[in-house]
Amino acid sequence: MSNPAFDVALFGEAMLLLVANEPGPLENATGFHKRTAGAETNVAIGLARLGLKVGWASRLGTDSMGRALLAAMQGEGIDCSHVVCDATQRTGFQFKERVTDGRDPQVEYHRKGSAASQMGPADVDEPWLRSARHLHATGVFAAISDTSLQAAIRTLEVMRAAGRTISFDPNLRPTLWSSPDTMRHWINTLATYADWVLPGMEEGVFLTGETTPEGVARFYRERGAKLVVVKLGPEGAYYDSDVAGTGRVPGVPVAQVVDTVGAGDGFAVGVISALLEGLPVPAAVRRGAWIGARAVQVLGDTEGLPTRAQLQEAGL
């Protein structure tokens, strides 16, 4: 592909994130910090900070939340030319509990019927999409509505047919699917389009019925993935690749876990950026583990995502 316009294209919902200022049940919180949230937007921001050219397609309302999100994404240098701002729709948002003990915080979503959930196959600008050398997809965009599922499939079909690489993070959101079986079916269907599949171990057990990282990886390798990286939390990750064989990369020690949300997205940023730069698989997984570890040490989803200078300082 000669001179692509973008390194990576992503489709997905951005939400305004309101993080409680103090620990305790959400209903008792009186003050909140505004942040950005969304699996695809977290990855887009992380890749853009490392200097990659990133394009993000979505729909937002023209409300204050939509304006804030669009400004934040543009401020990161992301191409937002395919973000539709619709005055008749509203922007999704979420509340997140403040935790101090390292457990997963309670997250309360307000996204049903949001602008992004109205997206469908007609929102996929195929020439624009093909102008990227890589597509990163997650199970979240596919889950928000029946039409977004069809849009997600279309993005995968277009990039597969164009011979581009595709990464896929299952990113399970059980509350958005009609049933666990439906979720399992569609996530595994979407994964068959991808070159690189990035499940967490817990997700992998649910999706494949396998109980070991090796088994989970084998399940997706047998269905066409060239690389599967199974995230093992503090223990690091296991990979199974057609070019690098199999192996394990240890986790990066973290003094204090502040917020576990966003770790998987940070991991994806590391793996995708390194592979697009031509680094070997073990180095890509190491970078993923390092960025994932940074992500759990901050309050929001994106504050821990490094710049290129910080990455180089760490020797990654």
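Q: The expected span of a helix is 1.5 Å times one less than its number of residues; with that in mind, how far apart should the ends of helix 5 be?
A: Let's begin gently, remembering that this is a predicted model. Helix 5 covers residues 146-161, which makes 16 residues at 1.5 Å a residue. The end C-alpha atoms in the model are 23 Å apart, and this agrees with the expected span of 22 Å.

Q: Which elements do the buried residues of helix 5 pack against?
A: Start with the residues themselves: the buried ones in helix 5 are S148, L149, A151, A152, I153, T155, L156, V158 and M159. Their packing partners include three helices and three strands in the list that follows. They are helix 3 (126-130), helix 4 (139-143), helix 6, strand 1 (6-11), strand 8 (132-138) and strand 9.

Q: Which residue with a positive phi follows helix 5?
A: Look just past the end of helix 5, at residues 146-161. The residue to find there has a phi near 75°, and it is G163.

Q: How many of the residues of strand 8 are buried?
A: Strand 8 is among the elements that the buried residues of helix 5 pack against. Strand 8 is mostly covered, and of its seven residues the number buried is six.

Q: Which residue of strand 8 stands opposite T165 in strand 9?
A: Strands of a sheet pair through backbone hydrogen bonds, either parallel or antiparallel. Strand 8 runs parallel to strand 1, with three bridges, and parallel to strand 9, with five bridges. The bridge partner of V8 in strand 8 is H134. Opposite T165 we again find H134.

Q: Which strands are at the edges of the nine-stranded open sheet?
A: The sheet has mixed pairing, and its strands come in the order 5-4-1-8-9-10-11-12-13. An edge strand here pairs on one side only. That description fits strand 5 and strand 13.

Q: Do strand 12 and strand 13 run parallel or antiparallel?
A: Strand 12 takes in residues 237-241, and five bridges join it to strand 13. One pair to look for is D240 opposite T246 in strand 13. The two strands run antiparallel.

Q: How many bridges join strand 4 to strand 5?
A: At the other edge of the sheet is strand 5. G55 stands opposite D79 in strand 5. Strand 4 and strand 5 run parallel, and the number of bridges between them is six.

Q: What is the handedness of the β-α-β unit made by strand 4, helix 2 and strand 5?
A: Follow the chain from strand 4 (54-61) through helix 2 to strand 5 (79-86). A crossover is right-handed if the path runs clockwise when the strands point away from the viewer. This unit is right-handed.

Q: Within what arc do the buried residues of helix 2 fall?
A: The buried residues of helix 2 are M65, G66, L69, L70 and M73. Viewed down the helix axis, they line one face, because they fall within an arc of 130°.

Q: Which residues are exposed on the other side of helix 2?
A: The buried residues of helix 2 are covered by elements including strand 2 (15-23), strand 3 (32-37), helix 1 (39-49) and strand 6 (93-98). On the other side of helix 2, the exposed residues are R67 and G75.

Q: Is T41 buried or exposed?
A: T41 is found in helix 1, and beyond its neighbours within four places in sequence it contacts E13, A14, W56 and M73. A polar atom of the T41 side chain also lies 3.3 Å from the backbone oxygen of A37. Buried means under 20% relative accessible area. At 1% relative accessibility, T41 is therefore buried.

Q: Is T30 buried or exposed?
A: Find T30 in the loop between strand 2 and strand 3. Its C-alpha atom is 7.6 Å from that of A20, ten residues apart along the chain. Because its relative accessibility is 74%, T30 counts as exposed.

Q: What is the phi of N171 near?
A: N171 lies in the loop between strand 9 (165-169) and helix 6 (180-191), and at 9% relative accessibility it counts as buried. Its phi is positive although the residue is not glycine, and the value is near 40°.

Conventions. Residues are numbered from 1 along each chain as its sequence is written. This is a predicted model: local features need pLDDT of at least 70, side-chain atom pairs count only at pLDDT 80 or more; totals for chains, interfaces and linings use all residues. Side-chain values use heavy atoms; hydrogens and water are left out. Buried means under 20% relative accessible area, exposed over 50%, partly exposed in between (1.4 Å probe, protein chains only). Helices (H or I, at least four residues) and strands (E, at least two) are DSSP runs, numbered from the N terminus. The arc is that of the directions from the helix axis to the C-beta atoms. Contact means heavy atoms within 4.5 Å. Two strands pair if DSSP finds at least two bridges between them. A polar contact is a pair of N or O atoms within 3.5 Å; within protein, one must be able to donate a hydrogen and the other to accept it, and residues adjacent in sequence count only if both atoms are side-chain atoms. The expected span of a helix is 1.5 Å times one less than its number of residues.
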